[in-house]
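Colleague: I am new to reading structures. Could you take me through the labels in this one and show me how each was earned?

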Amino acid sequence: LADFLGDSVCAASSVSRPAREQLVKRFQRNARQIESATSWLYHVVLAKEILRIRAEVQGDVIECGCWKGASTADLSLVCSLVKRKLIVCDSFEGLPADEEGVVHQYPHLGVFGYYRRGMYAARLDEVKENIRRSGDIAVCRFVPGFFSDSLRELSGPIVFAFLDVDLASSMRDCLKYIWPLLADGAFVYT
């Protein structure tokens, strides 16, 4: 948090310290209002990296896997400040079928065992409403569908990718279709 509010981010970005302080407050509020599998502090780390991307580097930000839209709302606020589009990719039907025999253990989410098809489902209209209420929907472009199909339609460049996916097969699809679109010096967070 101190790094995000410090001078190094200020020097790399045209976003003022008061604006970054306001972002942190919004991230904290959003974490209380929208169910999320990631902490608002993780969103601060993502925001810091996006703010460090030079304005002259062309490209969009992409998020793969948004569940109910908590990280999406926060990323949309950052994208609005730096005048970039946020491409939001999700099935809006939950997870696809998992690979046979893979055991997942995520105590912070209460997940011990196997993923089921449809877990982490949130309807597109629910996600959009969460972003309207807590983010900036004007910067968002929604790409619904399972990644193996929907990501084929993307075009670049991409300057920042947040791949918040749960299955190895989903990650492979993200890397297959997004990696070739990355701008020089782009960031990828998983």
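Modeller: Here follow questions and answers on aromatic pairs, a helix and salt bridges in this model, which is predicted.

Colleague: What makes Phe160 and Phe187 an aromatic pair, and why is the pair called tilted?

Modeller: Their ring centres are 6.5 Å apart. The cut-off is within 6.5 Å, so they pair. The angle between the planes is 45°. Under 30 degrees would be stacked and over 60 edge-to-face, so this pair is tilted.

Colleague: What does that pair tie together?

Modeller: Phe160 sits in strand β6, residues 158-163, and Phe187 in strand β7, residues 182-189. The two are 27 residues apart in sequence, so the pair ties together separate parts of the chain.

Colleague: Why is the pair of Phe160 and Tyr189 called stacked?

Modeller: The centres of these rings lie 5.6 Å apart, and the planes meet at 25°. That angle is under 30 degrees, so the label is stacked. This pair also links distant parts of the chain: Phe160 is in strand β6 and Tyr189 in strand β7, 29 residues apart. Together, Phe160, Phe187 and Tyr189 make up one aromatic cluster.

Colleague: How do you know whether Phe160, in this cluster, is buried or exposed?

Modeller: The relative accessible area of Phe160 is 0%. Buried means under 20%, so Phe160 is buried. Phe187 has 27% and Tyr189 has 25%. Partly exposed is the band between 20% and 50%, so that label fits Phe187 and Tyr189.

Colleague: Now helix α4. How does its reach compare with the expected span?

Modeller: Helix α4 covers residues 40-51, which is 12 residues. From first C-alpha to last it reaches 16 Å, close to the 16 Å expected at 1.5 Å a residue. Ser39 caps its N-terminal end. The buried residues of α4 include His43, Val44, Leu46 and Ala47.

Colleague: What makes the Ser39 contact count as a polar contact?

Modeller: A side-chain oxygen of Ser39 lies 3.0 Å from the backbone nitrogen of Leu41. The limit is within 3.5 Å, so the distance passes.

Colleague: Why are Asp3 and Lys48 called a salt bridge?

Modeller: Side chains of opposite charge can pair when their charged atoms come close. For Asp3 and Lys48, the N to O distance is 2.9 Å. The cut-off is within 4 Å, so they qualify. Asp3 lies in helix α1, residues 2-5, and Lys48 in helix α4, so the bridge ties together parts 45 residues apart in sequence.

Colleague: Which of these partners is buried?

Modeller: Lys48, at 15% relative accessible area: that is under 20%. Asp3 has 36%, so the label there is partly exposed.

Colleague: How do you know that Glu129 and Arg132 form a salt bridge?

Modeller: Their closest N and O atoms are 3.7 Å apart, and the limit is within 4 Å, so the pair counts. Both residues lie in helix α6, residues 124-134, 3 residues apart, about one turn of the helix. An α-helix has 3.6 residues a turn, so residues three or four places apart point the same way.

Colleague: What about Arg123 and Asp125?

Modeller: They form a salt bridge too, with the closest N and O atoms 3.1 Å apart. Arg123 has 52% relative accessible area, which is over 50%, so Arg123 is exposed. Asp125, at 48%, is partly exposed.

Colleague: How many salt bridges does the rule give?

Modeller: The count comes to 8.

Key:
Residues are numbered from 1 along each chain as its sequence is written. This is a predicted model: local features need pLDDT of at least 70, side-chain atom pairs count only at pLDDT 80 or more; totals for chains, interfaces and linings use all residues. Side-chain values use heavy atoms; hydrogens and water are left out. Rings of Phe, Tyr and Trp (its six-membered ring) pair if their centres lie within 6.5 Å; planes under 30 degrees apart count as stacked, over 60 as edge-to-face and the rest as tilted. Helices (H or I, at least four residues) and strands (E, at least two) are DSSP runs, numbered from the N terminus. Buried means under 20% relative accessible area, exposed over 50%, partly exposed in between (1.4 Å probe, protein chains only). The expected span of a helix is 1.5 Å times one less than its number of residues. A polar contact is a pair of N or O atoms within 3.5 Å; within protein, one must be able to donate a hydrogen and the other to accept it, and residues adjacent in sequence count only if both atoms are side-chain atoms. A salt bridge is a side-chain nitrogen of Lys or Arg within 4 Å of a carboxyl oxygen of Asp or Glu.
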